[in-house]
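Here are some short exercises to work through with the model open in your viewer. Try each task before you read its solution.

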Amino acid sequence: MHIRAYASRDAELLADIWLAASLQAHPFVPAAYWQGNRARMVAEYLPQSENYVLEDSSGSLCGFISMLGRHIAALFIAPAAQGKGYGTALLRHVQQLHDELTLRVYALNTDSVHFYQYHGFCTTHSRTDPATGAVELSMHWQKN
């Protein structure tokens, strides 16, 4: 596995990974919400973020993490590549670059909530996401 900086040529594939993983992880949000935001992912969200992509041993893109300063805006692994430590590798990569990190995650996405808790994140507060109506948890991590 190899982590590298994002290149604009990655945008379409990363948007596909984001869409597939979002649909799988968030069945409590209508699919049309995710499908309707795919173009914004390519045109706005990825270009505005500091992104790192993970390639498997064959060079295929399997996932990515997007940073806005010290805030994790996105961490997505292709559904077929989940459970192989790729999310942990990406998270550890940005933990090495920052002394503290924040993120938001849907409370009903319990697998992700547990993943972040396992990696030292603590919930600081919750709110209802106005775009989806789902409860989001704000989480924080600080280097020891």
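**Exercise 1. Find the bridge partner of Ile72 in E5, and say in which sense E4 and E5 pair.**

Keep in mind that this is a predicted model.

Step 1. Start at Ile72 and look across to E5, where the bridge partner is Leu103.

Step 2. Now take the two strands as wholes: E4 and E5 run parallel to each other, and two bridges join them. As a reminder, strands of a sheet pair through backbone hydrogen bonds, either parallel or antiparallel.

**Exercise 2. Work out the strand order of the open sheet, and explain why one side of E1 and of E6 is left without a neighbour.**

Step 1. Trace the seven strands across the open sheet and you get E1-E2-E3-E4-E5-E7-E6, with mixed pairing.

Step 2. Strand E1 (2–5) and strand E6 (122–128) are at the edges; each has a single partner strand, so one side of each lacks a neighbour in the sheet.

Step 3. Going from one strand to the next, the twist averages 25°.

**Exercise 3. Place helices H1 and H4 against the sheet.**

Step 1. H1 lies across strand E2 (50–55), E3 and E4, and its direction makes an angle of about 90° with E3.

Step 2. H4 lies across E4, E5 and strand E7 (135–142), running at about 160° to E5.

**Exercise 4. Describe the largest pocket by its volume and its lining.**

Step 1. A handy principle to begin with: rolling a probe the size of a water molecule over the atoms shows where empty space is left.

Step 2. For the largest pocket, the volume comes to about 1300 Å³. Its lining has 44 residues, and those closest to the centre are His26, Ala73, Ala74, Leu75 and Phe76.

Step 3. Sort the lining by character: 23 residues are nonpolar, 15 polar and six charged.

Step 4. Ask which elements contribute: among those that supply at least two lining residues each are helix H2 (31–48), strand E3 (61–68) and helix H3 (86–97).

**Exercise 5. Summarise the whole chain: how many helices and strands are there, and in what pattern do they follow?**

Step 1. Count four helices and seven strands.

Step 2. Along the sequence they read β-α-α-β-β-β-α-β-α-β-β.

Step 3. The radius of gyration is 14 Å, close to the 15 Å from the globule rule for 144 residues, so the protein is as compact as a globular protein of that length.

Step 4. Finish with the C-alpha trace, which spans about 40 × 40 × 30 Å along the principal axes.

Key
Residues numbered from 1 in each chain as written. Predicted model: local features only at pLDDT ≥ 70, side-chain atom pairs only at ≥ 80, totals over all residues. Heavy atoms only, no water. 1 Å grid on protein atoms, 1.4 Å probe; cavity = no way out; pocket = protein on both sides within 12 Å on 5 of 7 lines; lining within 4 Å. Points joined across faces, edges and corners; volume = space filled by probe spheres on them. Nonpolar A, V, L, I, M, F, W, Y, C, P; charged D, E, K, R; others polar. Pairing = 2+ DSSP bridges. Axes fitted to C-alpha atoms, helices over the stretch in contact; angles between N-to-C directions. Contact = heavy atoms within 4.5 Å. Rg over C-alpha atoms; globule rule 2.2 N^0.38 Å.
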